[in-house]
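Okay, thanks for having me, everyone. Let me put the structure up on the screen, and then we'll walk through it together.

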Amino acid sequence: MLKQSQLDLCGRVDFTREVPLLGRDEGFSFACAGCGDCCRGREDIVLSGFDLWRIAARLRLPPRTVARAFCKASIGAVSHLPVLRLTPVREEGNNCPFLTHSRCAIHDAEPLVCALYPLAQEITKEGSVSYFLQPTSCGGQVISAKVGDYLARYDIPAREATDVRWAQVCMALEDRVEALEAVFEPVFIRRMRQKLWQALYYRYDFAAPFLPQLEENLRGLDAELEKLSALQERRNVRFRESIEKTDR
């Protein structure tokens with residue numbers, strides 16, 4: 001069983017890409033038996049806020065309700081940001097909670113990790129998107145395709161801009177949050193994490209578009225972090241003043 005510390009926003013923290021990136025016009029092939037084993041025994045399906053919103057819209061449930069029912073929540077050891085992953089069902093052989101009769105019950109709203117498989121996505125801070133082939137060992141029918149055609153088949157281009165925005169937001173927040181944790185007292189760190197969960201995952205209406213809500217949440221988050229920083233600074237000032245009085 002994977003420990004929480006082994007996973008972060010980009011999946012496993014010990015993962016190192018050892019295969020080349022693929023151009024969209026390049027071909028690749030893999031063998032698929034159609035058995036659904038790629039949905040079994042997986043503890044590393046990390047969701048973005050957009051993934052959670054899509055599942056919430058599919059189930060017609062608030063994002064927080066979906067997260068409580070089907071996910072594990074933690075704080076990334078590397079990113080210092082909220083991390084949400086699907087929780088395997090132990091009673092069903094550690095299957096994905098949405099695996100039903102070897103089929104995905106939310107196929108039209110499946111997470112990006114699942115939609116891409118066996119491809120995986122790599123996004124830079126500048127917003128450049130690349131893909132690479134993950135190793136598979138299922139056997140079965142050999143499927144060959146060009147990267148671009150495969151992505152289009154699963155409607156990946158339609159969501160790519162949102163995935164890029166999400167990745168860039170998280171990369172920018174990593175540095176800011178780490179710096180704030182270095183100066184915040186524990187009570188302020190807890191408050192900051194609550195604000196992060198709300199902004200990145202929970203404060204969304206599944207009936208409204210995701211991206212405008214993300215941008216609005218980020219504006220609110222920025223204001224809240226500024227307030228917490230100001231409160232921490234006032235505490236620091238009072239502490240320094242009390243020390244000075246003691247030394248007199």
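So, to start: what volume does the second largest pocket have? About 740 Å³. Keep in mind that we're looking at a predicted model. If you want to find that pocket on screen, go to C38, C39, E110, C114 and Y117, which are the closest to its centre among the 34 residues that line it. Four elements give two or more residues to this lining: β3, at 27–32, β8, at 103–104, then α3, and α4, at 147–153. As for the chemistry, the lining of the second largest pocket splits into 24 nonpolar, five polar and five charged residues.

Right, now the largest pocket. Here we have about 1,200 Å³ of space. There are 35 lining residues, and L9, C10, G11, R12 and Q121 lie nearest the centre. Which element gives the most to this lining? That's α5, with seven residues. Others that supply at least two residues each include β2, at 11–12, α3, at 112–116, and β9, at 119–123. By class, the lining of the largest pocket comes out at 20 nonpolar, five polar and 10 charged.

While we're around here, have a look at the loop between α3 and β9, because there's a backbone detail in it. P118 sits in that loop, and the peptide bond joining Y117 to P118 is cis, with omega at about 10 degrees. You've met Y117 already, as one of the residues closest to the centre of the second largest pocket.

Okay, helices. In general, a packed pair is described by the angle between the two axes and the distance between them. Take α5 first, which covers 156–183. How do α5 and α6 cross? Their axes come within 12 Å, at roughly 175 degrees, and that makes α5 roughly antiparallel to α6. On the α5 side the contact uses W166, V169, L173, V177, L180 and E181, and α6 answers with I189, M192, R193, L196, L200 and Y201. Sorted by class, that contact has 10 nonpolar residues, no polar ones and two charged.

Now turn to α1, residues 49–59, which also packs with α5, at an angle of about 130 degrees and with the axes 9 Å apart. That angle makes α1 oblique to α5. The players are G49, F50, D51 and R54 from α1, with R159, T162, D163 and W166 from α5. The class split for this one is two nonpolar, two polar and four charged. And notice W166: it's in the contact with α1, and it's in the contact with α6 too.

The third pair is α2 with α6. Here the angle is about 100 degrees and the axes are 10 Å apart, so α2 and α6 are roughly perpendicular to each other. P63, R64 and A67 of α2 touch Q198, Y201 and Y202 of α6. That contact has four nonpolar residues, one polar and one charged. Y201 is another residue we've seen before, in the contact of α6 with α5.

Last topic, the sheet. How many strands form it, and in what order? Three, in the order β4-β6-β5, as an open sheet with antiparallel pairing. β4 and β5 stand at the edges with a single partner strand each, so each has one side without a neighbour in the sheet. β4 is joined to β6, residues 82–86, by two bridges, and β5 pairs with β6 over five. A nice residue to click on is L84 in β6: L47 has L84 as its bridge partner, and A73 stands opposite L84 as well.

Helix α2, residues 63–70, packs on this sheet, touching β5 and β6, and its direction makes about 100 degrees with that of β5. So what does α2 pack against, overall? The sheet, as I just said, and also α6.

Two more backbone spots, and then I'm done. The hairpin of β5 and β6 has six residues between the strands, and in it H80 takes a positive phi near 65 degrees. The other one is H101, in the loop between β7 and β8. Its phi is near 50 degrees, again positive, in a residue other than glycine.

That's my tour; over to you.

Key. Residues are numbered from 1 along each chain as its sequence is written. This is a predicted model: local features need pLDDT of at least 70, side-chain atom pairs count only at pLDDT 80 or more; totals for chains, interfaces and linings use all residues. Side-chain values use heavy atoms; hydrogens and water are left out. On a 1 Å grid over the protein atoms alone, a cavity is a set of points where a 1.4 Å probe fits but cannot get out, and a pocket is an open set with protein on both sides within 12 Å along at least five of seven lines; lining residues have an atom within 4 Å of a point. Grid points are joined across faces, edges and corners, and a volume is the space filled by probe spheres set on the points. Ala, Val, Leu, Ile, Met, Phe, Trp, Tyr, Cys and Pro count as nonpolar, Asp, Glu, Lys and Arg as charged, and the others, Gly among them, as polar. Axes are lines fitted to C-alpha atoms, for helices over the stretch in contact, and angles run from 0 to 180 degrees between N-to-C directions. Angles under 35 degrees count as roughly parallel, over 145 as roughly antiparallel, 65 to 115 as roughly perpendicular and the rest as oblique. Contact means heavy atoms within 4.5 Å. Two strands pair if DSSP finds at least two bridges between them.
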